[in-house]
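User: Please take a close look at the interior of this protein, meaning its nonpolar core and any enclosed cavities, and set what you find there in the context of the fold.

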Amino acid sequence: MEQALKNRLTFGSMMLAGLLLLLWVDHAVQVWTRQLGWNHLRAPDGPPAGIAGVGLLVLLLIVLPPATLELATLFAAERVQPYRFISAIGSGLLVVHAFCMQFRKFQLYSTSALAFIIVFTMLFAALRRAWIRQTHEAITHMAGTVLATLYLGGLAWFLMALRVKQSYRPDRYSGSTMIIVMILLVVKFTDVGAYFGGRAFGRHKLIPWLSPGKTWEGLLCGLLTAAGVGAVCASFINPPSFHLDWWKGAIFGVVIGGIGQLGDLLESLIKRDAEVKDSGNLIPGFGGVLDVIDSPLLAAPFAYLMFSLF
C-alpha cells in the first residue's frame, strides 16, 4: 500500500473521530438546552429549540486560523499579501455572526453587524498599513485581507447558518447536526469514489492542464457514490427537524458532490498559480487544512439554497 494512502487512512480516521466527537457535542448541547426550555432564544410563541451549533462553532474556530495562514501563503506567491491576523479574526467573527443568528434579539442587529465586520476588516487592514507609514502595496494588502476573510469566513457563514436555521412549520427545513454530517459525508465520499473509480476505470482526463489526476470516469463514480450517500443520509433526517425523501437526498448528493469537486478544482487553480502541490503540510497524506475544508466550504452556500427550496 502506498505511503500516501496509508497516511490518508490513518489521519483521515483520526480527523473523522474528532469531527464526530465535536458534532456529538453539538447535538448534545442542543438537546440539553432544549430540555431546559430555552425557547426565549427564538420566537416567544415557538417550541423550545435550544442552542444549536456549539460543536460546529468550536470546529470552525479551530480550523479557520491555520487555513487563513495557508491561504495567505498561496496569495503571497502573486504578491497579494493579506494581513493574516486580521483575516483570521474577520473569518471568526463571520462564523460567530451566523451562530448568533438563532437568537431573537441579535436578529434585530444582524444586518448592521454583518456590514460592520466586512467594512472594518478592510479598514483595519488600511490602518495596519498606515501604522507603519507606508502606502506602497496598500491596495494589495487591503484587497487580500478582505478576499481571504470572505473566501473562508464568508463560506463558513453559510455552513453555520445552515446548522442554526429554524422553521416553525414542520414541513420546512430546520437545521440539525445530521444535516452537517450529511454535507461532509457527501463531499468526502465523492472524493473517495472519484479516487478509487479513477484508479480502476480512469481513461479520459478531466482537465489535464489543471488537475492531471482527475478523470471523467472518476468523476462519474464519485457522483454515483455521492447519490448513494445522500439517499442513505436522507433516511436519518426526519421530523421534527425536517423530512427528506430518499430521491431528494440522492439529487442533493449529486449536486453537492459535484460542487465539492469544483471546490477541489478551484483550489488546484490557486495552487497552480502559486506553483505548489499542497496548501500546507500540517496533515500527512492530505496536505494542509485548506486542502481538507475547501470542498465543504464551497458546497455550503449551495446546500443552504437547496435545503431552502426543498
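Analyst: What follows goes from the overall fold to the core, then to the cavities, and ends with three individual residues.

The model is a predicted one, and the values below should be read with that in mind. The protein has ten helices and two strands, and along the sequence these elements follow the pattern α-α-α-α-α-α-α-β-β-α-α-α. Of its 310 residues, 48% count as buried. Among contacts between residues at least 6 apart in sequence, 69% join residues at least 24 apart. The accessible surface comes to about 15,800 Å², and 71% of that area belongs to carbon and sulfur atoms.

Turning to the interior, the largest nonpolar core holds 63 residues, and the members that touch the most others are Leu60, Leu152, Met160, Met182, Phe252, Ile256 and Phe307. Two or more residues of this core come from each of the helices H1 (3–35), H2 (54–76), H3 (84–100), H6 (138–164), H7 (177–201), H8 (216–234), H9 (246–274) and H10 (289–309).

As for enclosed space, a search of the whole structure finds two cavities of 30 Å³ or more. The largest cavity contains about 40 Å³ of space, and the residues that line it are Tyr151, Leu155, Gly263, Leu266, Asp294, Leu297 and Leu298. Helices H6, H9 and H10 each supply at least two residues of this lining, with the largest share, three residues, coming from H10. By class, the lining of the largest cavity is made up of five nonpolar residues, one polar residue and one charged residue. Because Asp counts as charged and Gly as polar, Asp294 and Gly263 are the lining residues that fall into those two classes.

The second largest cavity contains about 30 Å³ of space, and its lining is formed by Leu94, Ile117, Ile118, Thr121, Val146, Thr149 and Leu150. Here the elements that give two or more residues are helix H5 (110–131) and H6. Five nonpolar and two polar residues make up this second lining, which has no charged residues. Helix H6 thus appears in the account of both cavities, supplying at least two lining residues to the largest and two or more to the second largest.

Among individual positions, Thr145 also lies in helix H6. Its relative accessibility is 0%, and therefore Thr145 counts as buried, the limit for that class being under 20%. Leaving aside neighbours within four places in sequence, Thr145 is in contact with Pro82, Tyr83, Ile86, Ser87, Thr121 and Ala125. One of these partners, Thr121, is also named in the lining of the second largest cavity.

Two loop positions complete the picture. Ala52 is placed in the loop between H1 and H2, and because its relative accessibility is 0%, Ala52 counts as buried. Ala52 and Arg34 are 18 residues apart in sequence, with 9.5 Å between their C-alpha atoms. Gln166, in turn, lies in the loop between H6 and H7, and its relative accessibility of 30% is why Gln166 counts as partly exposed. From C-alpha to C-alpha, Gln166 and Ser176 are 9.1 Å apart in space, while ten residues separate their places in sequence.

Terms used: Residues are numbered from 1 along each chain as its sequence is written. This is a predicted model: local features need pLDDT of at least 70, side-chain atom pairs count only at pLDDT 80 or more; totals for chains, interfaces and linings use all residues. Side-chain values use heavy atoms; hydrogens and water are left out. A nonpolar core is a set of buried Ala, Val, Leu, Ile, Met, Phe, Trp, Tyr and Cys residues joined through side-chain atoms within 4.5 Å. Buried means under 20% relative accessible area, exposed over 50%, partly exposed in between (1.4 Å probe, protein chains only). Helices (H or I, at least four residues) and strands (E, at least two) are DSSP runs, numbered from the N terminus. On a 1 Å grid over the protein atoms alone, a cavity is a set of points where a 1.4 Å probe fits but cannot get out, and a pocket is an open set with protein on both sides within 12 Å along at least five of seven lines; lining residues have an atom within 4 Å of a point. Grid points are joined across faces, edges and corners, and a volume is the space filled by probe spheres set on the points. Contact means heavy atoms within 4.5 Å. Accessible areas come from the Shrake-Rupley method with a 1.4 Å probe; for residues, only the protein chains shown count as cover.
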